[in-house]
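These are my notes from going through one chain, entry by entry. I wrote down what I looked up and what I found.

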Amino acid sequence: MSKTALKPPYRSPLNVVDAISVYIKDKVVCELGSARCDLFPKFLEYAKEVKGFEWKQELVDYSVSKGYDVVCGDWSTDEL
């Protein structure tokens, strides 16, 4: 099991990724509100690539420092 910085209910349960695995297999996943990218390692078990979109710059900085592809913005107003 992956180690995560956040625990439910502050992030989705890891088994949610398993439940959607047939839909994300070998695809690009974009997580809106990626926070600390806790689900990225689990997504990468199935997806070919994972990108994150987060509105809090400090969380983007943390995620980028871990090597994840995350941009800062508001998904409801910014172009994805």
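**Chain order.** I read the elements along the sequence and got the pattern α-α-β-α-β-α-β. The count for the protein chain is 4 helices and 3 strands. I note here that the model is predicted.

**Totals.** I looked up burial for the chain: of its 80 residues, 32% are buried. I then took the contacts between residues at least 6 apart in sequence and found that 35% of them join residues at least 24 apart.

**Strand pairing.** I started with S1 and S2, which run parallel and are joined by 5 bridges. In this pairing I found Val-29 opposite Val-50 of S2. Next I checked S2, residues 49-54, against S3, residues 69-72; these two also pair in the parallel sense, over 4 bridges. Gly-52 has Val-70 as its bridge partner in S3, and Glu-54 stands opposite Cys-72 in S3.

**Crossover.** I asked which hand the unit made by S2, H4 and S3 has. This β-α-β unit is right-handed, with H4 spanning residues 57-65.

**Helix H4.** I listed the buried residues of H4 and got Leu-59, Val-60 and Ser-63. I then checked how they are spread around the axis: their arc is only 100 degrees, so they are on the same side of H4. S2 and S3 are among the elements that cover these buried residues. On the face turned away from the buried side I found Glu-58 and Ser-65, both exposed. After H4 comes Gly-67, with a positive phi near 95 degrees.

**Leu-32.** I placed this residue in strand S1. Leu-32 has a relative accessible area of 39%, so I entered it as partly exposed. I also looked up its distance to Gly-52: the two are 20 residues apart in sequence, and their C-alpha atoms are 6.1 Å apart.

**Ser-34.** This residue is in the loop that runs from S1 (28-32) to H3 (40-43). Is Ser-34 buried or exposed? Its relative accessible area is 3%, and the cut-off for buried is under 20%, so I put Ser-34 down as buried. I then asked which residues Ser-34 touches, not counting those up to four places away in sequence. The list is Phe-40, Gly-52, Phe-53, Glu-54 and Val-70.

**Cys-37.** I found Cys-37 in the loop between S1 and H3. Its phi is positive, near 60 degrees, and the residue is not a glycine. At a relative accessible area of 2%, Cys-37 is buried.

**Asp-26.** I also logged Asp-26, another residue other than glycine, with a positive phi of about 60 degrees. Asp-26 is in the loop between H2 (21-24) and S1. Is Asp-26 buried or exposed? The relative accessibility is 51%, and exposed means over 50%, so Asp-26 counts as exposed.

**Aromatic pairs.** I searched the whole structure and found 1 aromatic pair. The pair is Phe-40 with Tyr-68, at 5.0 Å centre to centre and with 70 degrees between the planes, which I recorded as edge-to-face. Phe-40 belongs to H3 and Tyr-68 to the loop between H4 and S3, so the pair ties together parts of the chain that are 28 residues apart in sequence. I looked up the accessibility of both partners. Phe-40 is buried at 1% relative accessibility, whereas Tyr-68, at 23%, is partly exposed.

**Arginine over a ring.** I checked where the charged end of Arg-36 sits. It is over the ring of Tyr-62, 4.6 Å from the ring centre.

**Cross-check.** I went back over the entries for residues that recur. Phe-40, one of the contacts of Ser-34, is also a partner in the aromatic pair. Gly-52 and Val-70, bridge partners across S2 and S3, are both among the residues that Ser-34 touches. Glu-54, opposite Cys-72, is on that contact list as well.

Technical notes
Residues are numbered from 1 along each chain as its sequence is written. This is a predicted model: local features need pLDDT of at least 70, side-chain atom pairs count only at pLDDT 80 or more; totals for chains, interfaces and linings use all residues. Side-chain values use heavy atoms; hydrogens and water are left out. Two strands pair if DSSP finds at least two bridges between them. A crossover is right-handed if, with the strands pointing away from the viewer, the path from the first strand over the helix to the second runs clockwise. Buried means under 20% relative accessible area, exposed over 50%, partly exposed in between (1.4 Å probe, protein chains only). Contact means heavy atoms within 4.5 Å. Rings of Phe, Tyr and Trp (its six-membered ring) pair if their centres lie within 6.5 Å; planes under 30 degrees apart count as stacked, over 60 as edge-to-face and the rest as tilted. A charge sits over a ring if NZ of Lys or CZ of Arg is within 6 Å of the ring centre and within 35 degrees of the ring normal. The arc is that of the directions from the helix axis to the C-beta atoms.
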